[in-house]
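I opened this entry to keep track of what I looked up, going from the whole chain down to single residues.

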Amino acid sequence: MPEEWPRVSYNGQGAPAGAAAIVTALADAGTRVMFGLPGGGPNLDVVGAAALAGMRFVLARTETAAVIMAATYADLTGLPGAAVVTRGPGLASAVNGIAHAALDRLPLVVIADTVRLADAGRISHQRLDQAALGAVVGKAVVTIGRDRTGEAAAAAVRLALMPPAGPVVALMDDSGVSDPGGAPDPERPGRASDDGGAVLAQALRGSRRPVIMLGTGAIAYTAAIRSALAGRGIPILHTYRARGIVPDSAAEAAGLVTGGTMEWPLLAAADLIVGLGVDEAEMIPAAWDYPAPVLLVAGYSPRSPGPAYFPSATALDISLPAAIGVLAGSHGAGSHSAGSHGEHDWPPGVGQIARTQAALRLSEAATARPGFLSPVQVVRVVRSHVPRETVVTVDAGAHMLAIMPLWEVTEPRRLLISSGLATMGFALPAAIAAALCAPARLVVAFTGDGGLGMTLAEIETAARLRLRIAVVVFNDGALSLIKIKQRPAGQGGAEAVDFGPVSYARAAQALGAVGVAVSTEKDLAAALTAASGRDGPTVIDVQLDPAGYPAIMDLSRGEAGRQPLPATTLRSAQCRLPWRNSRMSPRASSPASSRSASTRPCRA
């Protein structure tokens, strides 16, 4: 048995067989960029093989950031993401990024070297049970050993892409036996269940106030959904990651569904709720207490007796295209179904009215003292100074409660967030990947000071790569979302949630970026204009007043969200909403009138 992989020829040059195999498998699947923070030995062999194959390698500052970059690359391109990490601390540090990819169902291959099986009895340094570690957070673990390297590498990529997509950990061990991870053949879409289609059609025929929920799984069918729902007047709610399937300017676009209370006015009045491609991981841990029956179409057969998050929901064994066809009336829904124009009881434009109400209440809740900006002001100014097709990344934190409902979206995958895991430290690495996908366009990263603190060194990565990114920091010196949740007694005091003062503008300058501190709308607008014409990142350190966050939280997830605003106040207040009076605001349209050639912002 050979002690090392045999060297094989790749484009006329030598590369170890295992490294060449995983790079070949990724390249055959279309991957063109690899991210990572390598150690020695097999890690560098993979980087070298990637170079021989013409695959770009992007060096990150931390493993989790590298994996988030790779996952975002997968999200934006539809191609498998690839990240290289070293053994022991490298793979352990990557776990958070792997978990993000797992819960957001993103195809990713994380390539890690190991303590070789031949040395395991002698070496304890950096030796972990990496197969067990990877299995906890990943979709599968594949070992690429001294034999069947091509088979094992192909299995890793195939498993990552197989619906539902997810992260696969590929362990490189030139002394071990390859283990393809028991990868089954790709699933083949079967014939839609007649019963599932009939149940959906019958429910629609009997409904007078249906609501549609769109989740991540529905993004691939954006054009068909827009066509099916054009002019129907049925309110449509989107999960965070599904935003843009139906453009926010459409009359049917009703805002977000997260499991909070912002969606309460519509869901409480509905007599039928239909979810297309909704993943339970997208919903926050809150009670689902709406009386309307829920029908869920996930796009593949349910693997459990029933969904746990939605009590008494019915998971239909029907494909998403078939369900969309039923909604369109092409599978026997009938001319008098709830999907037919004028055949339901919702008032005209109820979706846009509900969304406008929610946005108005958020806008009026947040005010700032002199010398500071409110979260809503920041969203409004940024939205009005960047093109509508701009890709925006959002970190977890209190600021997301203002950004996600108020940011106008016209296409899928223009507003990115860690939805299932909801991890901090997402926005900057994700923005780096987005900027690599579309280097000529400005990318905006919204982050709190807590999230930026976790990934601060990646500013150097963006500067080294000369990426056009505006990093907008909501600097309030605290973990504001946790501070809102903190009880007055028994959960610590300020020491648990408050930071000391930090100038992120100066920190950015030290890391090679342009940094500017702003405290007025005028200064923020000027900084954005400058950032849009600059090759390289700009960190905009916003002096933020967090006083409005508790009200925003209450409107999003508390009892205040259950109090609908009288519709009579809407007309006079629309001019104060973030997307009004904006040179970048899209014109109102029906779902079908805003078609895109592709639901992916780039084809890197």
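**Whole chain**

I started with the secondary structure and counted 21 helices and 20 strands in the chain. I noted that the model is a predicted one. Next I looked up burial: the chain has 604 residues, and 58% of them count as buried. I then checked which contacts link distant parts of the sequence. Among contacts with a separation of 6 or more, 77% are between residues 24 or more positions apart. For the surface, I found about 22800 Å² exposed, with 54% of it supplied by carbon and sulfur atoms.

**Second largest pocket**

I looked up the volume of the second largest pocket and got about 510 Å³. Its lining takes in 33 residues. Those nearest the centre of the pocket are Ala396, Gly397, Met400, Ala422 and Leu481. Sorted by class, the lining has 18 nonpolar, 10 polar and five charged residues.

Which helix gives the largest share of this lining? I found that H17 does, with four residues. Helices H15 (449-455), H17 (480-485) and H20 (549-557) each supply at least two lining residues.

**Helix H20**

I followed H20 further, since it had come up at the pocket. Its buried residues are Tyr549, Ile552, Met553, Leu555 and Ser556. Viewed down the axis of H20, these residues fall within an arc of 165°, so they line one face of the helix. I then looked up what they pack against. The list is helix H11 (350-365), helix H12 (375-384), helix H13 (400-406), strand S18 (469-475) and H17. H17 is thus on my page twice, as a partner of H20 and as a part of the pocket lining.

**Helix H8 and strand S9**

I moved on to helix H8, residues 222-229. The buried residues here are Thr222, Ile225, Arg226, Ala228 and Leu229. They cover an arc of only 165° around the axis, which puts them on the same side of H8. The buried residues of H8 pack against S9, strand S10 (236-238) and helix H10 (320-328). Just after H8, I noted that Gly231 has a positive phi of about 70°.

S9 covers residues 210-214, and Pro210 lies in it. Is Pro210 buried or exposed? I read its relative accessibility as 0%, so Pro210 counts as buried; the cut-off for buried is under 20%. Last, I checked Pro210 against His344: they are 134 residues apart in sequence, and their C-alpha atoms are 7.9 Å apart in space.

Key: Residues are numbered from 1 along each chain as its sequence is written. This is a predicted model: local features need pLDDT of at least 70, side-chain atom pairs count only at pLDDT 80 or more; totals for chains, interfaces and linings use all residues. Side-chain values use heavy atoms; hydrogens and water are left out. Buried means under 20% relative accessible area, exposed over 50%, partly exposed in between (1.4 Å probe, protein chains only). Contact means heavy atoms within 4.5 Å. Accessible areas come from the Shrake-Rupley method with a 1.4 Å probe; for residues, only the protein chains shown count as cover. On a 1 Å grid over the protein atoms alone, a cavity is a set of points where a 1.4 Å probe fits but cannot get out, and a pocket is an open set with protein on both sides within 12 Å along at least five of seven lines; lining residues have an atom within 4 Å of a point. Grid points are joined across faces, edges and corners, and a volume is the space filled by probe spheres set on the points. Ala, Val, Leu, Ile, Met, Phe, Trp, Tyr, Cys and Pro count as nonpolar, Asp, Glu, Lys and Arg as charged, and the others, Gly among them, as polar. The arc is that of the directions from the helix axis to the C-beta atoms.
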